[in-house]
Amino acid sequence: MDSRGEEIEDWMIENRLVLINKPQAEPSFYSRRWKTQSTPDLAIATEDIQSKTERVVTKQLGGSDHKPIILTIKGTCSTDKQHKIASWNYKRANWDAYQNHTEEQLQAHFKTKNVRENAKTLTNIILTAASKNIPRGRRHNYKPFWNKNLEAIHNEASDARSKMETNPTETNIINHNRQQAIFRREKLNCIRSSWREKTATLNMEKDSTKMWHLVKCLNEENIPQGSITIEENGRSYTGTQAANVIANFYAEESIIKMTRTRTAEVRLETKNLLKNQQLCPDSMSSLFQRTELNRAIQNLKMKKAPGPDGITNEMIQHLGPQGRDRILDLFNESWAQGIFPEEWKEAEIIPIAKKGKPRNNKSSYRPISLLSCLGKVMERMVNNRLINYLEENNLLDDCQSGFRKHRSTEDQTKHTSPKK
């Protein structure tokens with residue numbers, strides 16, 4: 001082996017690379033002049049790819065002495081690209097214009113009593129107003145400390161560097177060094193200020209993930225956003241195929257198997273309950289009031305992911321009086337007719353990895369369902385009524401008394417048990 005071969009070998013060892021060429025493989029070079037064959041063409045890859053790669057030398061093409069080489073990577077490869085959904089920038093939202101737009105459109109188009117049609121109309125009007133008055137986007141390589149002043153200083157330092165490289169005089173070199181020092185000093189001050197500002201709003205007991213994400217952004221570290229890889233029956237799946245594997249697993253796990261006998265019993269019990277039921281109390285049948293809606297909207301949590309319809313809690317909370325009246329009308333029509341819009345029943349399932357579990361196993365993910373925020377507002381109002389009805393009619397006494405009895409027994413045991 002000559003010196004060049006040794007250098008290549010050392011370089012491969014240093015970078016943990018593996019040679020794909022096989023000793024018994026066909027030579028890839030044929031000299032017509034000297035009528036000799038050799039293999040100067042090397043295929044090098046990392047260890048994970050090398051085990052899945054097949055190298056095949058084909059026939060010569062045209063007048064070339066080098067034979068074409070085809071490298072085939074075995075396994076399932078996904079062409080799906082990860083595109084993060086652009087988030088709403090609520091800090092720059094024009095909420096007055098948003099409210100005026102929704103007020104005008106809801107008053108003009110919200111006139112029928114069709115629950116499903118009104119639900120779609122309400123969704124379209126809110127999303128249209130949001131797209132016009134709330135900026136949307138996602139910055140790549142986001143730096144939380146970056147601002148306009150720092151950007152201007154960075155541009156001055158870049159201009160100074162260009163002048164120095166074009167004309168490396170002593171004056172240009174001194175000016176470049178001075179601008180670079182100013183930029184580094186200002187950048188450090190911005191990082192410190194951003195750290196103090198961001199961490200002041202974090203709960204270190206609950207927001208540890210956000211804290212480490214912030215640390216990496218401030219350190220300008222690239223945060224990997226790799227897709228999930230699931231292994232099943234000896235094959236690896238990514239992208240849409242991995243999502244289908246997890247979805248099928250969830251579907252199998254969520255199926256409740258009931259015998260025909262038990263199904264018939266449940267139907268008979270339900271029929272008897274409906275036949276013998278008492279009149280529904282007014283508290284559970286009367287129309288919803290504006291105060292109930294305001295209370296439910298006031299208790300909404302911000303910065304929560306929306307459901308498939310795309311409406312967020314921020315959009316609902318910034319609706320004007322006309323918008324809230326239309327929502328109340330829609331809820332009352334749904335309550336009176338017993339119709340719950342189909343789009344409020346749909347959920348987007350997000351797999352969340354369990355701590356300490358292998359990420360390539362489909363059972364290592366727990367599902368999170370993202371439902372419509374509008375539907376959850378109505379569910380909150382119904383739930384509040386149900387809780388008030390149960391408490392007012394003392395229907396929770398048995399459970400409460402049992403709980404108190406259990407606690408008193410525990411306390412008595414603690415006091416009478418001897419100390420060790």
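In the predicted model, R262 counts as partly exposed, at 37% relative accessibility. The side chain of R262 takes part in two of the salt bridges described here, one with E265 and one with E269. In the pair formed with E265, the distance from N to O is 3.2 Å. In the pair formed with E269, the distance from N to O is 3.8 Å. Both values satisfy the cut-off for a salt bridge, because a side-chain nitrogen of Lys or Arg has to lie within 4 Å of a carboxyl oxygen of Asp or Glu. In general terms, side chains of opposite charge can pair when their charged atoms come close.

The positions of E265 and R262 in the sequence are also informative. The two residues are three apart in helix α9, which covers residues 260-276, so about one helical turn separates them. E265 is partly exposed, with a relative accessibility of 38%. E269 likewise falls in the partly exposed class, at 42%.

A further salt bridge is formed by D325 and R290, whose closest N and O atoms are 2.8 Å apart. D325 belongs to helix α12 (residues 321-337) and R290 to helix α10, so this pair ties together parts of the chain that are 35 residues apart in sequence. D325 is partly exposed, with a relative accessible area of 27%, and R290 is partly exposed as well, with 28%. Returning to helix α9, salt bridges with shared partners join R262, E265 and E269 into one network. The count of salt bridges in the model comes to eight.

Charged residues also appear in a surface patch. E6, E7, E9 and D10 form a negative patch on the surface. One of these residues, D10, is placed in helix α1, which spans residues 3-14. D10 has a relative accessible area of 48% and is therefore partly exposed, because the exposed class requires a value over 50%.

A buried position is provided by T123, in helix α4 (residues 115-133). The relative accessibility of T123 is 9%, and this residue counts as buried because the limit for that class is under 20%. When neighbours within four places in sequence are left aside, T123 is in contact with D309, I311 and L374.

Two residues other than glycine have a positive phi, namely N233 and K303. For N233 the angle is about 55°. N233 is placed in the loop between strands β9 (229-232) and β10 (235-238), and its relative accessibility of 75% makes this residue exposed. For K303 the angle is near 60°. K303 is found in the loop between helices α10 (290-298) and α11 (313-317). With a relative accessibility of 78%, K303 also counts as exposed.

At the level of the whole protein chain, the model contains 15 helices and twelve strands. The chain has 420 residues, of which 25% count as buried. The accessible surface comes to about 30,400 Å², and carbon and sulfur atoms account for 50% of this area. Among contacts between residues at least 6 apart in sequence, 65% join residues that are at least 24 apart.

How values were computed: Residues are numbered from 1 along each chain as its sequence is written. This is a predicted model: local features need pLDDT of at least 70, side-chain atom pairs count only at pLDDT 80 or more; totals for chains, interfaces and linings use all residues. Side-chain values use heavy atoms; hydrogens and water are left out. Helices (H or I, at least four residues) and strands (E, at least two) are DSSP runs, numbered from the N terminus. Buried means under 20% relative accessible area, exposed over 50%, partly exposed in between (1.4 Å probe, protein chains only). Contact means heavy atoms within 4.5 Å. Accessible areas come from the Shrake-Rupley method with a 1.4 Å probe; for residues, only the protein chains shown count as cover. Patches are made of residues with over 30% relative accessible area and no salt bridge: like charges are joined within 9 Å, nonpolar side chains (Val, Leu, Ile, Met, Phe, Trp, Tyr) within 5 Å. Lys and Arg count as positive and Asp and Glu as negative; His and the chain ends are not counted. The place of a charge is taken as NZ of Lys, CZ of Arg, CG of Asp or CD of Glu.
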